[in-house]
Amino acid sequence: MHRNGQLITVPGLTARRHAEWLLWSGVNPCDPQPVAPAPSPTSTDQLNAAEIDRVKENA
């Protein structure tokens, strides 16, 4: 939504769209959701290094 030329976030609309997405995707919001493990620093560093290398190759 825009107000005075600025993009604003409407919390109620955001929650509604999220609920619609859950309904569409077949996720039951009452089911316990698995918690993804936090990425290890090593894997994040490796991913960042790979991305930097990829950007340098395409520059």
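How many helices and strands are there in the protein chain? The chain contains two helices and two strands. Read from the N terminus, these elements follow the order β-β-α-α. The model is a predicted one, and its confidence should be looked at before its contacts.

The protein chain has a mean pLDDT of 78, and 76% of its residues reach 70 or more. Among the elements, helix H1, residues 11-25, has the highest confidence, with a mean of 85. Strand E1, residues 2-3, has the lowest, with a mean of 76. Where pLDDT is low, the predicted coordinates should not be read in detail.

Next comes the surface. The protein chain has 59 residues, of which 2% count as buried. The exposed area of the chain is about 5,600 Å², and 61% of that area is supplied by carbon and sulfur atoms.

Turning to side-chain contacts, a search of the whole structure finds three salt bridges. In helix H1, Arg16 and Glu20 form one of them, with an N to O distance of 3.1 Å. These two residues are four positions apart in the helix, about one turn. Arg17 also forms a salt bridge with Glu20, and here the closest N and O atoms are 2.9 Å apart. Arg17 and Glu20 are three residues apart in helix H1, so about one helical turn separates them. Arg16, Arg17 and Glu20 are thus linked in a network of salt bridges.

How accessible are the members of this network? Arg16 has a relative accessibility of 52% and therefore counts as exposed, the cut-off for that class being over 50%. Arg17, with a relative accessible area of 46%, is partly exposed. Glu20 also falls in the partly exposed class, because its relative accessibility is 33%.

The remaining salt bridge to describe lies in helix H2, which spans residues 41-58. Here Arg54 pairs with Glu51, and their closest N and O atoms are 2.5 Å apart. Why are Arg54 and Glu51 separated by about one helical turn? They are three residues apart in helix H2, and that spacing accounts for the separation. Arg54 is partly exposed because its relative accessibility is 42%. Glu51 is partly exposed as well, with a relative accessible area of 38%.

Methods: Residues numbered from 1 in each chain as written. Predicted model: local features only at pLDDT ≥ 70, side-chain atom pairs only at ≥ 80, totals over all residues. Heavy atoms only, no water. pLDDT = per-residue confidence, 0-100. Buried < 20%, exposed > 50% of the residue type's maximum accessible area, 1.4 Å probe, protein only. Areas by Shrake-Rupley, 256 points an atom, 1.4 Å probe, with all protein chains shown as cover. Salt bridge = Lys/Arg side-chain N within 4 Å of Asp/Glu carboxyl O.
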